[in-house]
Amino acid sequence: MKKIGFALILLMSVFAHAQVSINVNIGTPPNWGPQGYDNSRYYYLPDIDTYYDVSQKQFIYDNNGRWIRQNSLPAQYRQYDLYGGYKVVLNDYRGDAPYSYHKKHRAEYPKGYHGKPQKNRGNKPDKAYKQNNKYKNNNGNSKKDNSHKSNGNSKKDQNHSHGDHR
């Protein structure tokens, strides 16, 4: 009986000194997401009244009273600049339906809301990068438009020669 009591005391002391560590892997936030919030699951985008679920990589928006999840923005917001728009990071919600507090979010963060300045996790891709990755030829290689490059006909190019150094 004493052995059981001693084992029980030893076991309780181990649990009393144990530290609990929980590592929540939400997913990789998008480059347009705000820097410093890698463990947040949801953003609210006040300008377009839409949520973004980092773990599912989906936008969540209201479509006539029905909440829709999809991998891209709704058609009416496809031109929205995710890098330039403000993202409200929702740290106070756990679950699968951030829109449960939609009325509160809309009231606290109306269209045009900007809180403290944000930096994005990554840089905004330039237009040339987007175009080169959007239009691929049959070989899978990017079609490049070199019309903007100089063909050596400028006065600077005509007057410059590497073999003329003294």
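Y44 stands opposite Y51, a residue of strand β2. Strands are DSSP runs of E with at least two residues, helices are DSSP runs of H or I with at least four, and both are numbered from the N terminus. The model is predicted: local features need pLDDT of at least 70, side-chain atom pairs count only at pLDDT 80 or more, and totals for chains, interfaces and linings use all residues. Residues are numbered from 1 along each chain as its sequence is written, and side-chain values use heavy atoms, with hydrogens and water left out.

Strand β1 spans residues 42-45 and strand β2 spans residues 50-53. The two pair in the antiparallel sense over four bridges. Pairing requires that DSSP find at least two bridges between two strands. Together, five strands form an open sheet. Their order is β4-β3-β2-β1-β5, with antiparallel pairing. The edges are β4 (66-70) and β5 (88-90), each of which pairs on one side only. On average, neighbouring strands of this sheet are turned by 25° against each other, direction ignored. The underlying axes are lines fitted to C-alpha atoms, for helices over the stretch in contact, and angles run from 0 to 180 degrees between N-to-C directions.

The structure holds eight salt bridges. A salt bridge places a side-chain nitrogen of Lys or Arg within 4 Å of a carboxyl oxygen of Asp or Glu. One of the eight joins the side chains of R121 and D38. The N to O distance is 3.1 Å. This pair links distant parts of the chain, 83 residues apart. R121 lies in the loop between α2 (102-108) and α3 (127-134). D38 lies in the loop between α1 (2-17) and β1. R121 counts as partly exposed because its relative accessibility is 31%. D38, at 37%, also counts as partly exposed. Here buried means under 20% relative accessible area, exposed means over 50%, and partly exposed lies in between (1.4 Å probe, protein chains only).

D53 takes part in two of the pairs described here. With R41, the D53 side chain forms a salt bridge at 3.0 Å, N to O. D53 sits in strand β2, while R41 sits in the loop between α1 and β1, twelve residues apart. Both D53 and R41 are buried. With R69, the D53 side chain forms a salt bridge at 2.9 Å, N to O. This contact links strand β2 to strand β4, where R69 is found, and the partners are 16 residues apart. D53 is buried because its relative accessible area is 0%. R69, at 30%, is partly exposed. A network of salt bridges links R41, D53, R69 and D96.

Backbone torsions were also examined at two loop positions. Most residues other than glycine have a negative phi, and most peptide bonds are trans. K57 is not a glycine, yet has a positive phi of about 55°. K57 lies in the loop between β2 and β3 (58-63). Its relative accessibility is 43%, so K57 counts as partly exposed. N64 likewise has a positive phi, near 55°, and is a residue other than glycine. N64 is placed in the loop between β3 and β4. At 80% relative accessibility, N64 counts as exposed.
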